Amino acid sequence: MPKNAHQEAASHHEDAAKAHRTAAEHHGKGNHAEGKKHSATALEHSGKAHEASKAANQKSQQQK
């Protein structure tokens, strides 16, 4: 079970990273409206990643 929890957390981290990179690209091109949209998506994924990481850690601790 912990392996799946860690994979879920990793997936959310990857989604957040992709959204952050996309936001940075748009901001770099001066398209701030689109950059803000992707920044909001990144923030959402980052929150999910944080929660999934905490859950995975708790599950790992229970396995000891």
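Which residues is H12 in contact with, leaving aside its neighbours within four places in sequence? The model on display is a predicted one, and this tour begins by selecting H12 in it.

**Stop 1: H12**

H12 belongs to helix α1, which covers residues 2-28. With sequence neighbours within four places set aside, H12 is in contact with H45, K48, A49 and A52. The relative accessibility of H12 is 17%, and because buried means under 20%, H12 counts as buried. Keep K48 and A49 highlighted, as both return later in the tour.

**Stop 2: A9**

Select A9 next, which is also placed in helix α1. A9 has a relative accessible area of 4% and is buried. When residues up to four places away in sequence are not counted, A9 touches A49, A52 and S53. A distance label drawn between the C-alpha atoms of A9 and S53 should read 5.2 Å, although 44 residues separate the pair in sequence. A49 and A52 thus appear in the contacts of A9 and in those of H12.

**Stop 3: helix α2**

Now select residues 32-63, which make up helix α2. The helix has 32 residues, and its first and last C-alpha atoms lie 46 Å apart, close to the expected 46 Å at 1.5 Å a residue. Which residues of α2 are buried? They are G35, H38, A42, H45, A49, A52 and A56. Colouring these residues separately shows that H45, A49 and A52 from the contacts of H12 belong to the buried set of α2.

**Stop 4: H38**

From the buried set, select H38, which lies in helix α2. Is H38 buried or exposed? Its relative accessibility is 18%, so H38 counts as buried. Its contacts, apart from neighbours within four places in sequence, are A19, T22, A23 and H26. These four residue numbers fall in the range 2-28 given for helix α1.

**Stop 5: the salt bridges**

Side chains of opposite charge can pair when their charged atoms come close. How many salt bridges are counted in this model? The count comes to 3, and they may be visited in order of sequence.

- Select E34 and K37. Their side chains meet in a salt bridge with an N to O distance of 3.3 Å. Both residues lie in helix α2, 3 residues apart, or about one turn of the helix. E34 is partly exposed at 24% relative accessibility, and K37 is partly exposed with a relative accessible area of 49%.
- Select E44 and K48. The closest N and O atoms of this salt bridge are 3.4 Å apart. Because E44 and K48 are 4 residues apart in helix α2, about one helical turn separates them. E44 has a relative accessible area of 47% and is partly exposed; K48 is partly exposed at 39%. K48 is also one of the residues in contact with H12.
- Select E51 and K54. Their side chains form a salt bridge at 3.4 Å, N to O. Being 3 residues apart in helix α2, E51 and K54 are likewise separated by about one helical turn. E51 counts as partly exposed at 45% relative accessibility, and K54 counts as partly exposed at 39%.

**Final view**

To finish, display H12 together with K48 and E44. H12 is buried and in contact with K48, while K48 is partly exposed and forms its salt bridge with E44.

Technical notes: Residues numbered from 1 in each chain as written. Predicted model: local features only at pLDDT ≥ 70, side-chain atom pairs only at ≥ 80, totals over all residues. Heavy atoms only, no water. Helix = DSSP H or I, 4+ residues; strand = E, 2+ residues; numbered from the N terminus. Buried < 20%, exposed > 50% of the residue type's maximum accessible area, 1.4 Å probe, protein only. Contact = heavy atoms within 4.5 Å. Expected span 1.5 Å × (residues − 1). Salt bridge = Lys/Arg side-chain N within 4 Å of Asp/Glu carboxyl O.
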